[in-house]
Each structure stands twice: as structure tokens, then as C-alpha cells.
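This report looks at the packing, aromatic pairs, polar contacts and salt bridges of one protein chain. Please keep the sequence and the coordinates at hand while reading.

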Amino acid sequence: MEKIKIGVFGFGKTGKVISNEFLNDNLFTLAWVVRRSNEDHHKYASRLLGYEFDAGEIFSIEDIDEDFFLENPVDALVDFSDSTGIHLYSKAAEVGIPIISAISKYEPEEMDLLKSFSDTTSVLYSPNITLGINVLLVAAQILQKIAPHADIEIVEEHFKGKKEVSGTAQKIASALSLNVEEHINSIRVGGIVGRHEIIFGMPNQTIRLSHESISRGAFGQGAIFAVKFLICQPPGMYSMENIIAEMFRQNIPVY
């Protein structure tokens with residue numbers, strides 16, 4: 001079976017973990033990695049991550065020209081860089097390369113650009129691409145419909161240096177039609193990667209839905225899940241939440 005060729009944008013702390021997850025999966029070949037600087041130019045991500053084979057040639061953004069995606073074809077592009085990366089791969093969309101973006105936040109005009117790519121290729125956008133957090137999000141919406149009068153609070157815990165409110169917590173609040181300022185409780189301690197809990201309070205009982213990322217590898221596994229889904233899809237916009245919701249619908253047990 002021919003392996004799925006992957007190109008990755010971003011080689012920072014998370015990008016390196018994502019690249020490592022693809023290198024560890026026999027279904028994939030890491031074809032290249034694009035990073036903002038010229039550091040490690042034309043070296044191999046695999047070597048820098050401790051492997052003894054060549055995979056994931058490192059390019060800088062200056063290498064991305066009109067012919068880059070034709071000369072370096074991949075089956076899917078995964079973006080873990082920053083919001084400006086979107087301006088570099090319009091040509092990838094034109095030639096039909098599926099795009100997975102896990103960028104935490106886009107400006108409105110950047111979001112419009114990403115959506116425009118879906119005219120010619122399949123695009124999956126999920127700021128938090130972990131499988132577990134999207135299962136949590138869908139389950140919470142189902143529970144809210146079952147118990148619409150429950151009091152709901154969101155607790156998000158992250159590493160001490162994280163200043164802003166979790167974007168994932170804000171997305172949960174939005175999905176449940178909750179005021180962000182009133183219903184999100186933030187905790188910053190130690191080196192927590194990320195933990196989200198949704199508490200449903202009802203008379204005489206409490207239901208808690210929680211998800212914790214133990215390592216950044218969870219993002220890589222989410223990206224792998226997304227690629228496997230997306231490469232079989234026609235042009236259009238997709239999200240992890242939509243995929244999980246459809247799986248819920250297809251697997252509702254009948255008693």
C-alpha cells in the first residue's frame with residue numbers, strides 16, 4: 001500500500017511533535033516541513049528529531065514559490081504554524097491538495113481566505129484538533145438538550161505561562177450559548193498541557209465531562225485522524241466537530 005505523503009507548516013514546539021507523530025505512523029511519509037526561518041535549511045526533520053533516516057526536508061517560507069507544490073507534491077497539507085501561514089499555500093489549494101489547519105485564531109479576512117480554498121479542495125479547520133476535545137464538545141451539546149435547565153460552568157486549566165483564556169473554552173461556551181465572561185473559570189498552575197471540564201449542575205446530581213491533553217502528541221493524533229478522513233472528501237469546509245457529530249449519529253445504540 002502506497003503511503004500518504006504529508007507536508008507540514010510549522011516546526012516550533014507543537015510542529016515538531018506533529019512531525020514526530022507522522023514519522024511514527026507507518027501509513028504516512030513526511031515529505032517536507034516549512035518553517036519561517038532559514039534555520040536547518042534543507043536538513044531533515046527526521047534527523048533533527050533523532051531518527052536515522054531522511055524524511056521531512058526543511059524549507060523556509062522563502063522557498064514557497066509558484067511551483068513549490070507542483071515540484072513537491074503531497075497528499076495533504078497540515079498547518080500548525082501561525083495565522084500568516086495561510087497566505088503561503090493558495091497554490092496548494094489550486095492544485096487540489098487537502099488542507100488541515102489547526103491555527104488557534106484567524107482574523108476575519110484570513111478566515112475568508114481559508115474558506116475560499118474550499119472551492120477547489122477539501123479544507124478542515126479545527127483550532128483544537130484533538131479527538132477527545134471534539135467528542136467532549138459534541139457530548140456537551142447533546143447533554144444540554146437532554147437537560148436544558150442545568151447550570152453549566154466551564155473550567156479550563158493550563159500551564160502557568162498561558163495568559164489568555166483558552167480558545168477551546170471559548171468555543172465550548174459559544175457552542176453551549178454561554179457568556180464567556182460569566183461561565184469560564186481559568187486556572188493556571190505548573191506545566192499542565194491543557195484540561196477542560198464542563199460541569200452540569202442539576203437538583204440532587206452533578207454531571208462532569210472532562211478532557212485532558214497529557215502531551216502535545218494528542219494534536220498529532222488528531223491531525224492523523226483528520227487526514228485519514230479528509231483525503232477521501234470532495235471540496236468543501238469540514239471540522240472535527242462535524243465529523244464527530246456525524247459519527248455520533250451513525251452509532252447511536254438502539255435498545
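Which residues does Thr-121 touch, not counting residues up to four places away in sequence? The model in which this is asked is a predicted one.

## The surroundings of Thr-121

Not counting residues up to four places away in sequence, Thr-121 touches Ala-93, Gly-96, Ile-97, Pro-98, Ile-99, Pro-235 and Gly-236. Thr-121 itself is found in the loop between α5 and β6, the latter covering residues 122–125. Its relative accessibility is 2%, and Thr-121 therefore counts as buried. One of the residues it touches, Gly-96, also takes part in a polar contact, in which the side chain of Thr-121 reaches the backbone oxygen of Gly-96 at 3.2 Å.

## Ser-46 and its backbone partners

Ser-46 has its place in helix α2, which comprises residues 45–48, and because its relative accessibility is 0% it counts as buried. Its side chain is involved in two polar contacts with backbone atoms: a polar atom of this side chain lies 2.5 Å from the backbone oxygen of Phe-53, and the side chain reaches the backbone nitrogen of Ala-55 at 2.8 Å.

When neighbours within four places in sequence are left aside, Ser-46 is in contact with Leu-23, Tyr-51, Phe-53, Asp-54 and Ala-55, a list that includes both of the backbone partners just named, Phe-53 and Ala-55.

## Nonpolar cores

As a general background, nonpolar side chains in soluble globular proteins tend to be buried together. In this model the largest nonpolar core has 30 residues, of which Ile-6, Phe-22, Ile-100, Leu-124, Ile-129 and Val-227 touch the most other members. The elements that give two or more residues to this core are β1, α1 (13–23), β2, β4, α9 (217–230) and α10 (240–250), and the largest share, six residues, comes from α9.

Phe-22, with neighbours within four places in sequence left aside, is in contact with Ile-6, Phe-28, Val-78, Ala-223, Ile-224 and Val-227. Apart from the largest core lies another core, of 22 residues, among them Trp-32, Tyr-89, Ile-103 and Leu-114.

## Aromatic pairs

How many aromatic pairs does a search of the whole structure find? The search finds eleven, and one of them is formed by Phe-9 and Trp-32, an edge-to-face pair with 5.9 Å centre to centre and 80° between the planes. This pair links distant parts of the chain, since Phe-9 belongs to strand β1 (residues 4–9) and Trp-32 to strand β2 (residues 28–35), 23 residues apart. Both Phe-9 and Trp-32 are buried.

Tyr-89 and Phe-117 form another aromatic pair, here tilted, with 6.0 Å centre to centre and 55° between the planes. Because Tyr-89 lies in the loop between β4 (76–79) and α4 (90–94), whereas Phe-117 is in helix α5 (residues 108–117), the pair ties together parts that are 28 residues apart in sequence. Tyr-89 is buried, and Phe-117 is buried as well. The residues of both pairs belong to one aromatic cluster, which is formed by Phe-9, Trp-32, Phe-59, Phe-68, Phe-69, Tyr-89 and Phe-117.

## Salt bridges

The structure holds 14 salt bridges. In one of them Glu-156 pairs with Arg-188, the closest N and O atoms being 2.8 Å apart; this pair links distant parts of the chain, with Glu-156 in strand β7 (residues 151–158) and Arg-188 in strand β8 (residues 184–188), 32 residues apart. With a relative accessible area of 0%, Glu-156 is buried. Glu-157, also in strand β7, meets Arg-195 in a salt bridge through their side chains, at 3.7 Å from N to O. Here the partner lies in strand β9 (residues 194–202), and the two residues are 38 residues apart; both Glu-157 and Arg-195 are buried.

A further salt bridge joins Lys-43 and Asp-40, whose closest N and O atoms are 3.6 Å apart. Is each partner buried or partly exposed? Lys-43 counts as partly exposed because its relative accessibility is 46%, whereas Asp-40, at 18%, counts as buried. Both residues are linked with Arg-35 and Glu-39 in a network of salt bridges.

Notes
Residues are numbered from 1 along each chain as its sequence is written. This is a predicted model: local features need pLDDT of at least 70, side-chain atom pairs count only at pLDDT 80 or more; totals for chains, interfaces and linings use all residues. Side-chain values use heavy atoms; hydrogens and water are left out. Rings of Phe, Tyr and Trp (its six-membered ring) pair if their centres lie within 6.5 Å; planes under 30 degrees apart count as stacked, over 60 as edge-to-face and the rest as tilted. Helices (H or I, at least four residues) and strands (E, at least two) are DSSP runs, numbered from the N terminus. Buried means under 20% relative accessible area, exposed over 50%, partly exposed in between (1.4 Å probe, protein chains only). A polar contact is a pair of N or O atoms within 3.5 Å; within protein, one must be able to donate a hydrogen and the other to accept it, and residues adjacent in sequence count only if both atoms are side-chain atoms. Contact means heavy atoms within 4.5 Å. A salt bridge is a side-chain nitrogen of Lys or Arg within 4 Å of a carboxyl oxygen of Asp or Glu. A nonpolar core is a set of buried Ala, Val, Leu, Ile, Met, Phe, Trp, Tyr and Cys residues joined through side-chain atoms within 4.5 Å.
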